[in-house]
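These entries record what I looked up in the structure shown below. I went through salt bridges, the ligand and internal cavities in turn.

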Amino acid sequence: MLVDTLGVEFDEGEDGEFDYTREAAHSAYRILHVDAATGSHILRPFLNYIADHAHIEVRQDTAALELVTAEGRVHGVVSDERPEGHPIYAGATILATGGIGALYGRSTNPADATGDGIAMAALAGAEIEDMEFVQFHPTAYAGEDPFLLSEALRGEGAVLRNGDGERFMEDYHPQGDLAPRDVVARAVETEREATGDVVLDVSSLEFAAEYPAIAAKCRDRGIEGDEIPVAPCEHFLCGGIAVDDRGRTSLDRLYAVGECARTGVHGANRLASTSLLEGLVWGLRAGDDAVGFDPEAVDAPELLNRDPALPDRFAAEKFTRLRRTMDEFLGLERDPDEIARASSVLRRLKGEVDAYIRTRTARDLYEFRNASVVALLIARAASENTDSVGCHYVATDADESTAEPPADD
Ligand SMILES: Cc1cc2nc3c(=O)[nH]c(=O)nc-3n(C[C@H](O)[C@H](O)[C@H](O)COP(=O)(O)OP(=O)(O)OC[C@H]3O[C@@H](n4cnc5c(N)ncnc54)[C@H](O)[C@@H]3O)c2cc1C
C-alpha cells in the first residue's frame, strides 16, 4: 500500500535496497524510514490520494461533537457545522481522532490532540481500556515549543549526557541509550534533577546531512553545536477505545483506528515506529468491514446554543488547570494518594464544563469537555492499576530513598 499505491519513497542504501534503521528496545534493524520524518512523508501522498478519491468528501475545519446513538447502535455524529447540532448520519462510523497530547503541558502531538474520539465513545458507553499507559518520549527538545528528537538518532549512535557531561544510561539499564522509552524517560528526568540539563550528543553522526528536518528545527531555535538539550514529553497513548482485530468497538457500527483505538498491540509500552503500521493495518481492516451499511436518520442529540457568550477565556483557563494536574500527578511517575487528589480536581473541572455545555456548542468547550473525560479515564485506570508496568510507573516510598530506578526495571 505505502510503496505501490501511495508511492512513498523510503530511504535506500547505496546498493538500492531499503535502508532499515533501529530504534530503542529493538533487537534488529527493521524500520523503514524517510529522513527522520517518516510520518509526514507518508501523510502528504496519503492526503493527495484521498483528495482525488471520488467517494471521499473531506470536510475541513469541522469537528464531531457527539455520537448519534439509538438502542446501542451508532448512526453517525453531531458536528459543529452550521446550523449547530447538524447530524451527519452514517451506516458505520469510524473514529480516528488521534492522541491526547493536549492534556499535558509538553507534548509532541498537535495542539488539537484532546482525545475527542475516546471521550465521545466513552460517553456513548463504549469500552475503553489501558488508559493508564501514557507514553512519554525521553528526548524532546527541552525548551519552548518542544519537538521530537527521534530515537533513530540514538539508534545510529547519538548518546545522552548529563549536566556533568557524563554518559549515564548504562547505570540504568543494560541496553544503555537504547533502553525502553519509559526507562530512558525516567532516567533523563532523574539526571536533570540531579545534574541540570541533559543533552543528546549527536557528534558521532553526520547530523545536518542525514537528519536535515531535525537539524533545521534546531537551527530555528538557535541551537548551535552537537549537543541538544532534551527532556521527556508526552508522546503517545497506548490505551483507548477497545477494538477487535477489525477495529470494531463494543458499540454496533462504531469503529476506531489509529491512536484513539486500543488494539492491544502496544501492550503497556509502545515500541518505537509501530503506530503508523498499526494505523495502516487497522485502518484497512476497519474500512473493509464498515462497507455496506445504510445510514438511518434516527433522533440526534439536540445541542443548544442559547447562550453563546462565555466568561472570557473560560476553556483556556480551565485547560491550564487540567494540564497542571496531569503534569503533576499523572505524568512519568504516579503516586496513589496523588492520583486521588488529581481525580477530585478533574471531577470538579468536568462538572464545571458540563454545566456550560448544556446551552453552548463552542468547539473549545467541547474540546475541554473531552479532555476532562479522558483525563478522568486516565486517573481512574491509573488508580486501579497499583503495579508498575510499562509506561505506568507507580512511585512507592522505597523509590523516594533511591534516586535511580532499579537497573532491571
Ligand atoms: C512527532 C511525532 C513523531 C512520530 N513518529 C512516529 C514514527 O516515526 N513511527 C510511528 O509509527 N509513529 C510515530 N508517531 C506516532 C504516530 O504518528 C501517531 O500515533 C499517528 O500519527 C496517529 O495517527 P491517527 O490517524 O490516529 O491520528 P492523527 O494523525 O493525529 O489524526 C487525527 C485527526 O483527527 C482530527 N480530529 C480530532 N478530533 C476531531 C473531532 N472531534 N472532529 C473531527 N476531527 C477531529 C484531527 O484534527 C486530526 O486531523 C509519531 C508521533 C509524533 C507526534
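Entry 1, salt bridges. I began with Arg 363 and Asp 80, whose side chains form a salt bridge with an N to O distance of 2.7 Å. I note that the model is a predicted one. I then placed the two partners along the chain: Arg 363 belongs to helix 10 (residues 363-384), while Asp 80 sits in the loop between strand 2 (73-79) and strand 3 (87-89). The pair is 283 residues apart and thus links distant parts of the chain. For the structure as a whole I recorded 19 salt bridges.

Entry 2, surroundings of the ligand. How many residues surround the ligand, and which are the closest? I found 20 residues around the ligand, the closest being Asp 112, Asp 116, Glu 259, Ser 275 and Leu 276. I sorted this shell by residue class and obtained six nonpolar, 10 polar and four charged residues.

Entry 3, polar contacts of the ligand. I looked up individual atom pairs next. For Asp 112, a polar side-chain atom is 2.7 Å from an oxygen atom of the ligand. With Ala 64 the protein partner is a polar backbone atom, 2.8 Å from a nitrogen atom of the ligand. Ala 96 also contributes a polar backbone atom, here at 3.4 Å from an oxygen atom of the ligand. I then checked coverage: on its own the ligand has 1,000 Å² of accessible area, of which the protein covers 66%. Which elements give two or more residues to the shell around the ligand? I identified strand 9 (227-237) and helix 7 (275-290).

Entry 4, cavities. I turned to enclosed space. Rolling a probe the size of a water molecule over the atoms reveals where empty space remains. I counted one cavity of 30 Å³ or more. The volume of the largest cavity is about 50 Å³. Its lining consists of Val 134, Gln 135, Phe 136, Asp 182, Arg 186, Leu 332, Cys 391 and Tyr 393. Two or more lining residues come from each of strand 6 (134-141) and helix 4 (181-195). Which element gives the most to this lining? Strand 6 does, with three residues. By class, I divided the lining of the largest cavity into five nonpolar residues, one polar and two charged.

Entry 5, recapitulation. I keep two compositions on file: the ligand shell holds 10 polar residues, and the lining of the largest cavity holds five nonpolar ones.

Conventions
Residues numbered from 1 in each chain as written. Predicted model: local features only at pLDDT ≥ 70, side-chain atom pairs only at ≥ 80, totals over all residues. Heavy atoms only, no water. Near = heavy atom within 4 Å. Polar contact = N/O pair within 3.5 Å; in protein donor to acceptor, adjacent residues only side chain to side chain. Areas by Shrake-Rupley, 256 points an atom, 1.4 Å probe, with all protein chains shown as cover. Helix = DSSP H or I, 4+ residues; strand = E, 2+ residues; numbered from the N terminus. Nonpolar A, V, L, I, M, F, W, Y, C, P; charged D, E, K, R; others polar. 1 Å grid on protein atoms, 1.4 Å probe; cavity = no way out; pocket = protein on both sides within 12 Å on 5 of 7 lines; lining within 4 Å. Points joined across faces, edges and corners; volume = space filled by probe spheres on them. Salt bridge = Lys/Arg side-chain N within 4 Å of Asp/Glu carboxyl O.
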